[in-house]
Amino acid sequence: MKQSKFVHLHVHTQYSLLDGMIRLNELFKKAKEFGMPAIAITDHGNMFGAIDFYKQAEASGIKPIIGCELYVAPRSRFDKNASSIGEATRHLVVLVKNMQGYKNLMKLTSAAHIEGFYYRPRVDKELLKQYSEGLIASSACLHGEIAAHIVRGNMDEARKSAREYLEIFGEDNFFLELMENGIPEQKIANEGLIELSRELSIGLIATNDCHYLNMEHAEAHNVLLCIQTGKTVEDADRMSLSSNQFYVRSPEEMCELFAATPEAI
């Protein structure tokens, strides 16, 4: 089988509790169908699935990339005064590149639960600096610090944050994450991220923030989020993903979507 040039580096499995709907056996079956040589696991705030993921990847002949989508406190992890989860956390994807990185990611997720828990298990930039060795990071979704600044029109703050993460993780270990998910704010974020990439020489990566396997699973995923938040599908103010695009897209789809920025693939 021809190997794909694209691999998914932002994937929420069944271990993103009440948020990810992707079962590992189905994920690896899909990855093999697509000819992907590797795939990542980046569950929210935890590494519960790391060993299961690693074993199933090895059995499938696919390279496992272990990671996590961390929640980052805007100030200190010990500061627990924010009035909402949006104020209390920002997202950051980290991927393990060697054994030191794996050990450091375990330290980060443990400290997030033990020291930083407020709404969610949170790290802060002090911890990231301490345990950055062996890790590759990317700017995550619209809930990431850089994208959030861009969408609000704060390019100076976005630039400052990008430089800060670049300094923490080092050159070639921090990337700006582009997505094509049908959300209007994402278009604004992408434009700003591409601008920052050129200005600061930070690489781009294309991801799809996968929460479910196929597009037709979007409705079931909305039900899962209702269970998580104690809402019903009739509630107008319920939490939901704003489109049905958060599935495991084929490499062909991804290449087509990012034809204007092929370096991100």
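**Briefing: helix H2 and three loop residues with positive phi**

Serine 201 sits in the loop between helix H8 (184–200) and strand E7 (203–206), in what is a predicted model. The protein chain as a whole comprises 10 helices and seven strands, and the points below take up its overall form, then helix H2, and then individual loop residues.

**Overall form**

- The radius of gyration of the protein chain is 17 Å, which agrees with the value near 18 Å that a compact globule of 265 residues would have.
- Measured out along the principal axes, the box filled by the C-alpha atoms comes to roughly 50 × 45 × 35 Å.
- Buried residues make up 56% of the 265 in the protein chain, while the area that the chain exposes is about 12,500 Å², with 51% of it supplied by carbon and sulfur atoms.
- When contacts between residues at least 6 apart in sequence are considered, 77% of them join residues that are at least 24 apart.
- The charged side chains number 28 positive and 36 negative, and the centres of these two sets are 4 Å apart.

**Helix H2 and the glycine that follows**

- Ala50, Phe53, Ala57 and Ser60 are the buried residues named in H2, and they lie on the same side of the helix because they cover an arc of only 100° around its axis.
- The other side of H2 carries Lys55 and Ala59, both of which are exposed.
- The packing partners of the buried H2 residues are helix H1 (24–33), strand E1 (38–44), strand E2 and helix H4 (99–114).
- Glycine 61 comes after H2 and has a positive phi, near 75°; this residue belongs to the loop that links helix H2 (50–60) with strand E2 (63–72).
- Glycine 61 counts as exposed because its relative accessibility is 64%, which is above the cut-off of 50%.
- Between the C-alpha atoms of glycine 61 and alanine 38, which are 23 residues apart along the chain, the separation is 8.8 Å.

**Positive phi in residues other than glycine**

- Serine 201 is not a glycine, yet its phi is positive, at about 55°.
- With a relative accessible area of 63%, serine 201 is exposed.
- Aspartate 209, likewise a residue other than glycine, has a positive phi near 45°, and its place is in the loop between E7 and helix H9 (218–229).
- Aspartate 209 has a relative accessible area of 5% and is therefore buried, since the cut-off for that class is under 20%.

Note on methods: Residues numbered from 1 in each chain as written. Predicted model: local features only at pLDDT ≥ 70, side-chain atom pairs only at ≥ 80, totals over all residues. Heavy atoms only, no water. Helix = DSSP H or I, 4+ residues; strand = E, 2+ residues; numbered from the N terminus. Buried < 20%, exposed > 50% of the residue type's maximum accessible area, 1.4 Å probe, protein only. Rg over C-alpha atoms; globule rule 2.2 N^0.38 Å. Contact = heavy atoms within 4.5 Å. Areas by Shrake-Rupley, 256 points an atom, 1.4 Å probe, with all protein chains shown as cover. Lys, Arg positive; Asp, Glu negative; His and termini not counted. Charge placed at Lys NZ, Arg CZ, Asp CG, Glu CD. Arc of directions from axis to C-beta.
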